[in-house]
Amino acid sequence: MEPRESWAALASLIFILKAGGIAGVFVDLILFPLDTVKTRLQSPQGFRKAGGFRGIYAGVPSTAIGSFPNAAAFFITYENVKSVLHHDSASYLTPVTHMVAASLGEVVACLIRVPSEVVKQRAQVSPSAGTFRILSHTLYHEGIQGLYRGYKSTVLREDLWSWKQGHVVDSWQSAVCGAFAGGFAAAVTTPLDVAKTRIMLAKAGSTTASGNVLAALGGIWRTQGLSGLFAGVVPRMTAISLGGFIFLGTYEKTRQLLL
């Protein structure tokens, strides 16, 4: 690759980083209260004992710190994989290219997202404990692996609806598509989200804390039935629908302005 092409590629990556990062920060901070309500509805102790509507922004420092690099990691991976695969693929394989690129993007992004999510969710159900205190407690008692509890369930959940990313359309069209696709995907993947929440919040050493997604789902089904598997579905659908609208719309518009 010639120097001019290298600089162009680097500039493109920086633009993608900015667009994806800005979109991610917008979504995560604006919709944080809905996420807190969802987490508390899904928690083992129940909504009221988890804090109810108190401290609705508990855990927001973790989200604020992890949001930009998480979103940027997804879009850098997504755009580069899509570019490599699309270069030699036929037009009818374009949907598959988007799916593969988005899936790999989620795998990479979750390396940042999961530690942030673990700390955030533990803070959301323990409003009186600070984010730094929860991070220190997790590292001291569980080590670095404690921050990656629920990684498999998170990747599985994200990959099941990552196909909706990356439509090459106008910003408003992208936003509308993101809202509808996100809302539908949110409803379908809610049981996996509940399992992820239970795994992340489980006491160290417990069966649920082992990270077995099927075991977590089975336990929720036996104790709470269908309502337990779909706990928090309304705020989750609302947050992701609005998130899809804001995220994809902001990303496309920022990308158009930057490129």
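Here are some notes on the salt bridges and on helix 9 in this predicted model.

1. Start with the overall tally. The count of salt bridges comes to ten. Seven residues are joined in a network of these contacts: Asp35, Lys38, Glu117, Lys120, Asp193, Lys196 and Arg236. I'd keep that list open while looking at the next few points.

2. The pair to look at first, to my eye, is aspartate 35 with lysine 120. Their side chains form a salt bridge, with N and O 2.6 Å apart. Aspartate 35 sits in helix 2 (residues 32-42) and lysine 120 in helix 4 (residues 94-124), so this contact ties together parts that are 85 residues apart in sequence. Neither partner is out on the surface: aspartate 35 and lysine 120 are both buried.

3. Lysine 120 has another partner to check, glutamate 117. This salt bridge has an N to O distance of 3.1 Å. Here the link stays inside helix 4: the two residues are three apart, so about one helical turn separates them. Lysine 120 has a relative accessible area of 5%, and glutamate 117 comes in at 12%. With the cut-off for buried at under 20%, lysine 120 counts as buried, and so does glutamate 117.

4. Now for the far end of helix 4. What does arginine 122 form a salt bridge with? The partner is glutamate 142, and the closest N and O atoms are 3.0 Å apart. Glutamate 142 belongs to helix 5 (residues 131-142) and arginine 122 to helix 4, so the bridge ties together parts 20 residues apart in sequence. Glutamate 142 is buried at 16% relative accessible area, and arginine 122 is buried too, at 12%.

5. Helix 9 (residues 190-201) deserves a look of its own. At 1.5 Å a residue, its twelve residues should span 16 Å, and the end C-alpha atoms are indeed 16 Å apart, so the expected and modelled spans agree.

6. How many of the twelve residues of helix 9 are buried? Twelve of the twelve are, so the helix is largely enclosed by the rest of the structure. The charged residues Asp193, Lys196 and Arg198 are among the buried ones, alongside others including Leu192, Val194, Ile199, Met200 and Leu201.

7. One last thing, to connect the pieces. Asp193 and Lys196 are buried residues of helix 9, and both also appear in the salt-bridge network with Asp35, Glu117 and Lys120. When you open the model, I'd follow that network from aspartate 35 and lysine 120, which are both buried.

Terms used:
Residues numbered from 1 in each chain as written. Predicted model: local features only at pLDDT ≥ 70, side-chain atom pairs only at ≥ 80, totals over all residues. Heavy atoms only, no water. Salt bridge = Lys/Arg side-chain N within 4 Å of Asp/Glu carboxyl O. Helix = DSSP H or I, 4+ residues; strand = E, 2+ residues; numbered from the N terminus. Buried < 20%, exposed > 50% of the residue type's maximum accessible area, 1.4 Å probe, protein only. Expected span 1.5 Å × (residues − 1).
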